[in-house]
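Q: Could you zoom in on one part of this model and walk me through it slowly? I'd like to see how that part connects to the rest of the chain.

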Amino acid sequence: MIGRIVTSLLLVISASVSAGAPLQPATEKSCREHPQLIGKCFVVRASLSVHNGAPAVRLRRMGTRRVLDVSEQRFNLPGYRNLPEGLAEQLNDDNEIIGDFLVCPFTKPKPREMQLVCIQSATNTSVRKRKQE
C-alpha cells in the first residue's frame, strides 16, 4: 500500500517538474543533412558575397567565371541551414569572404547556368572589402 502511494507521488512530482521545464529550442540541421541534395559535397576555393537579385548570396570560384548560388528560397526547408550562421553574420554588401568552402549541390552543373548549392562549412577564410563590379 505504501509502495503504491510513493509511486503515485513520484509520478505526480515528475510530471509537474517536466511540465514546468522550458522547452529546448530545436537545433537546425546542417547543409550536408538536407534531404534535397542530389550529389556529394565538394570543396571550392571561392569568394562569397551578396548581390542584388535571387539568389542573393553567391560563390565565385577563384580562377574561373563559374558562379554557384547559395539557395535560400527554392531549397529552404524549416530546420535546415543553407548558409552557416557564422558566415551569414560576417557577410554584408560591402565585403566578401574568401576561403575554401565545402558546398553540397541541389542542382547539377550546367554550362552557362548557376548551380544551386548550400554551404556546409568554410576554412582558411578572410574578409576583405568588396571590389565594385
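A: Let's start with a yardstick: a residue is called exposed when its relative accessible area is over 50%, buried when it is under 20%, and partly exposed in between. Take Asn124, which has 58% relative accessibility and so counts as exposed. Asn124 sits in strand S5, and that's a good way into the part I've picked: strands S4 and S5 with the loop between them. Asn124 has another feature to look at, a positive phi near 50° in a residue that isn't a glycine.

Before going on, keep in mind that this is a predicted model. How confident is the predictor across the chain? The mean pLDDT is 80, and 77% of the residues reach 70 or more. Strand S4 has the highest confidence in the chain, at 95, while helix H1 (residues 2–20) has the lowest, with a mean of 43. Over residues 3–25 the pLDDT is below 50, and that stretch makes zero contacts in the model beyond near neighbours in sequence. Where pLDDT is low, the predicted coordinates shouldn't be read in detail. That's a good reminder to leave that stretch alone and go back to our part.

Now for S4, starting with Asn95. Asn95 is found in strand S4, and with 11% relative accessibility it falls under the 20% limit, so it counts as buried. What lies 3.0 Å from a polar atom of the Asn95 side chain? It's the backbone oxygen of Gln90. Gln90 also shows up among the contacts of Asn95 once neighbours within four places in sequence are set aside, together with Ser49, Val127, Arg128, Lys129 and Arg130.

Ser49 takes us on a short side trip. Ser49 stands opposite Arg58 in S2, where S1 and strand S2 (residues 57–61) run antiparallel and are joined by five bridges. S2 in turn pairs with S3, also antiparallel, over three bridges, and Leu59 stands opposite Leu68 in S3. Those two strands form a hairpin with five residues between them, and Gly63 in the turn has a positive phi of about 80°.

Back to our part, and to the disulfides. The structure holds two of them. One joins Cys31 to Cys118, with the sulfurs 1.8 Å apart. The torsion about this S-S bond is about 70°, so the disulfide is right-handed. Cys118 belongs to strand S5, whereas Cys31 lies in the loop between H1 and strand S1 (42–50), so the pair ties together parts 87 residues apart in sequence. Cys31 is buried, at 1%, and Cys118 is buried too, at 0% relative accessibility.

The other disulfide is formed by Cys41 and Cys104, whose sulfur atoms are 1.9 Å apart. This link is right-handed as well, with 100° about the S-S bond. Cys104 is in strand S4 and Cys41 is in the loop between H1 and S1, so here the parts tied together are 63 residues apart in sequence. Is Cys41 buried, exposed or partly exposed? At 23% relative accessibility, Cys41 counts as partly exposed, whereas Cys104, at 0%, is buried. Number the bonded cysteines in sequence order and the pairing reads 1-4, 2-3.

What about the loop between S4 and S5? Arg112 lies there, and with a relative accessible area of 83% Arg112 is exposed. Like Asn124, which has its positive phi near 50°, Arg112 isn't a glycine and yet has a positive phi, of about 60°.

Phe106 is in that loop too, and it has a partner. The count comes to one aromatic pair: the ring centres of Phe75 and Phe106 are 4.4 Å apart and their planes meet at 5°, under the 30 degree cut-off, so the pair is stacked. This pair links distant parts of the chain, since Phe75 is in the loop between strand S3 (67–70) and helix H2 (85–90), while Phe106 is in the loop between strand S4 (95–105) and strand S5 (115–129), 31 residues away. Phe75 is buried at 8%, and Phe106 is buried at 4%.

So, to pull the part together: Cys104 connects S4 to the loop between H1 and S1, Cys118 connects S5 to that loop, and Phe106 pairs with Phe75 from the loop between S3 and H2.

Terms used. Residues are numbered from 1 along each chain as its sequence is written. Side-chain values use heavy atoms; hydrogens and water are left out. Rings of Phe, Tyr and Trp (its six-membered ring) pair if their centres lie within 6.5 Å; planes under 30 degrees apart count as stacked, over 60 as edge-to-face and the rest as tilted. Helices (H or I, at least four residues) and strands (E, at least two) are DSSP runs, numbered from the N terminus. Buried means under 20% relative accessible area, exposed over 50%, partly exposed in between (1.4 Å probe, protein chains only). A polar contact is a pair of N or O atoms within 3.5 Å; within protein, one must be able to donate a hydrogen and the other to accept it, and residues adjacent in sequence count only if both atoms are side-chain atoms. Contact means heavy atoms within 4.5 Å. pLDDT is the predictor's confidence in each residue, from 0 to 100. A disulfide is a pair of cysteine sulfur atoms within 2.5 Å. Two strands pair if DSSP finds at least two bridges between them.
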